[in-house]
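Biologist: Could you walk me through a single part of this model, slowly and step by step? I would like to see how one strand sits among its neighbours.

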Amino acid sequence: MSEERKSAEEFASRLSEIYGRSLVSVVLYGSAARGEYRPGLSDINLLVILDDLRLAHLQRGAHATREWVASGNPPPMMLSAEEWWNSADVFPLEYSDIRDAHVVLVGRDPFNRTRIGREHLRLQVEHELRSKKIQLREGYLVAGESPEEIGQLLIRSLPTFLTLFRAILRLDGKPIPRDRRDLIDAAGSLAGFRPAPVVDVLHARSAEEPFVAPLDGPVAAGYLEAVERCAVWLDSGEVGTGLGAEV
């Protein structure tokens with residue numbers, strides 16, 4: 001068992017002791033669930049669902065969570081059962097990404113009853129793509145004189161864009177490759193961008209070494225083009241129409 005999985009299970013067991021029957025589920029998701037965890041770069045992401053989320057429940061879990069965060073982990077995403085069941089239309093991007101790669105550590109699988117609307121997902125993906133594209137341009141503007149800072153910007157932003165690549169494949173009904181290189185290739189084929197610049201960033205992130213990417217170089221330009229092409233593809237056809245359709 002990997003160290004990150006062991007840490008997650010230990011924390012989940014502690015939450016089970018604290019909350020007892022009030023605890024509905026503890027779910028591991030993100031890079032640790034996908035087998036892509038990188039110490040120092042990745043987070044151990046946990047979803048915690050309680051039957052209700054009174055202030056007293058937050059207080060009961062505060063000490064354990066403080067120790068969890070002090071170990072370098074983000075606080076768990078904690079929701080009441082009612083919030084979980086009623087939020088699939090608000091967070092379809094997050095829900096669909098967790099659904100497709102998660103490990104139930106305690107309790108029952110919360111996705112057994114969860115339905116995610118295709119149109120809800122399309123709208124959120126469009127919003128996220130446009131927002132992240134603007135933020136990427138702003139980052140280029142601020143760091144443009146430093147190839148080292150541009151390189152770090154690309155490395156930090158990659159997980160977000162991989163999530164969006166999975167989402168556009170999901171909207172098109174395509175299978176989601178588990179291998180990140182295959183994922184980039186599949187998204188490039190669908191949206192019409194060259195995978196190579198994004199793959200270069202993937203390799204740099206995996207190598208955990210300094211990455212230099214001049215603003216006028218092929219990696220920075222190709223990376224931005226990949227994001228732009230995804231946005232164009234999303235606008236180009238009848239993607240995700242119909243509120244009744246699910247992904």
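**A close look at strand β2**

Modeller: Happily! Strand β1 (residues 23-29) pairs with β2 in the antiparallel sense, over six bridges; two strands count as paired if DSSP finds at least two bridges between them. Helices (H or I, at least four residues) and strands (E, at least two) are DSSP runs, numbered from the N terminus. This is a predicted model, in which local features need pLDDT of at least 70 and side-chain atom pairs count only at pLDDT 80 or more, while totals for chains, interfaces and linings use all residues. Residues are numbered from 1 along each chain as its sequence is written, and side-chain values use heavy atoms, leaving out hydrogens and water.

Between β1 and β2, Ser 25 has Ile 49 as its bridge partner. β2 also pairs with strand β3 (residues 77-80), this time in the parallel sense over four bridges. There, Leu 50 is matched with Ser 80 in β3. To get from β2 to β3, the chain passes through helix α3 (residues 55-70), and this β-α-β crossover is right-handed: with the strands pointing away from the viewer, the path from the first strand over the helix to the second runs clockwise.

Now look at how β2 is covered. Six of the six residues of β2 (residues 45-50) are buried, so the strand is largely enclosed by the rest of the structure. Buried means under 20% relative accessible area, exposed over 50%, and partly exposed in between (1.4 Å probe, protein chains only). In a regular strand, side chains alternate between the two faces of the sheet. In β2, Asn 45, Leu 47 and Ile 49 are buried on one side, and Leu 46, Val 48 and Leu 50 are buried on the other.
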